[in-house]
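Trainee: Please take me on a close look at the largest pocket and what lines it.

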Amino acid sequence: MTTGIALSVKANLGVSPVSSIPYTMTCIFGLEMGKGTILFHSFLVLLQIILLRKNFKLINLAQVLVGIVFGYFTTFCNWGVSQVFPKAITNYPLRILLLILSIIFIAWGLFFYVPANIMPLAGEGFISALSEITKIQFHKCKIIFDMSLVVISFACCMIFIHSIGSVGLGTLLAAFFVGFVLGFLNKWFGNWRDKILKTKKLKD
């Protein structure tokens, strides 16, 4: 997943909604994206505590640890991609190619991560908490959540750096096609994965 994020950053066409806030921190404050990811995930866990209060399970604090690992992998993958492409890419077809690869990598990561059902990322944890409190279906809460992140990122970038920054064509494409590719992977490779994980197949 973090390889996909790093590729989207290098494509410079807009990152996926859930990565838009950390990358906005990079664009505005110069904060390294991995550290921004850790801060963002920790903030989402704090919001879960506020929303759920006594219903918040202590085990969900492990989402902070997941966020730390995710953040450091983001840092490593950004570094790795920068070694392959040390300069800014101006070739538009190559940028599109990197964006497509980004979507595939993110979907591939989700393909394995979600059904493992060990500990959700803080984003999914927050969406679950929001769904529990509002009684709105999870997928609808996810749409609201993703749209909110995009709007906040866009507004902050326009106000502080007078640029769209982390939001762009790639953001919109990722919002749609990650789920599309994930459905394709689940349809064709889901049974193989489930034999490894000994878990139920994801719904398409």
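Mentor: Happy to! Let's sort the residues first: Ala, Val, Leu, Ile, Met, Phe, Trp, Tyr, Cys and Pro count as nonpolar, Asp, Glu, Lys and Arg as charged, and the others, Gly among them, as polar. By that sorting, the lining of the largest pocket has 25 nonpolar, 12 polar and five charged residues. The model is predicted, and totals for linings use all residues, whereas local features need pLDDT of at least 70 and side-chain atom pairs 80 or more. Residues are numbered from 1 along each chain, and side-chain values use heavy atoms, without hydrogens and water.

The largest pocket (an open set of 1 Å grid points where a 1.4 Å probe fits, with protein on both sides within 12 Å along at least five of seven lines) holds about 1400 Å³ of space, counted as the volume filled by probe spheres on the points. Its lining numbers 42 residues (each with an atom within 4 Å of a point), and Leu 110, Val 114, Glu 124, Phe 138 and Lys 142 sit nearest the centre. Two or more lining residues come from each of the helices (DSSP runs of H or I, at least four residues, numbered from the N terminus) H2 (17–29), H3 (33–52), H4 (62–84), H5, H6 (122–134), H7 (138–160) and H8. With seven residues, H8 gives the most to this lining.

Now set the second largest pocket beside it: its volume is about 230 Å³. Among its 13 lining residues, Val 9, Lys 10, Asn 12, Lys 87 and Ala 88 are the closest to its centre. Here the largest share, four residues, comes from H1.
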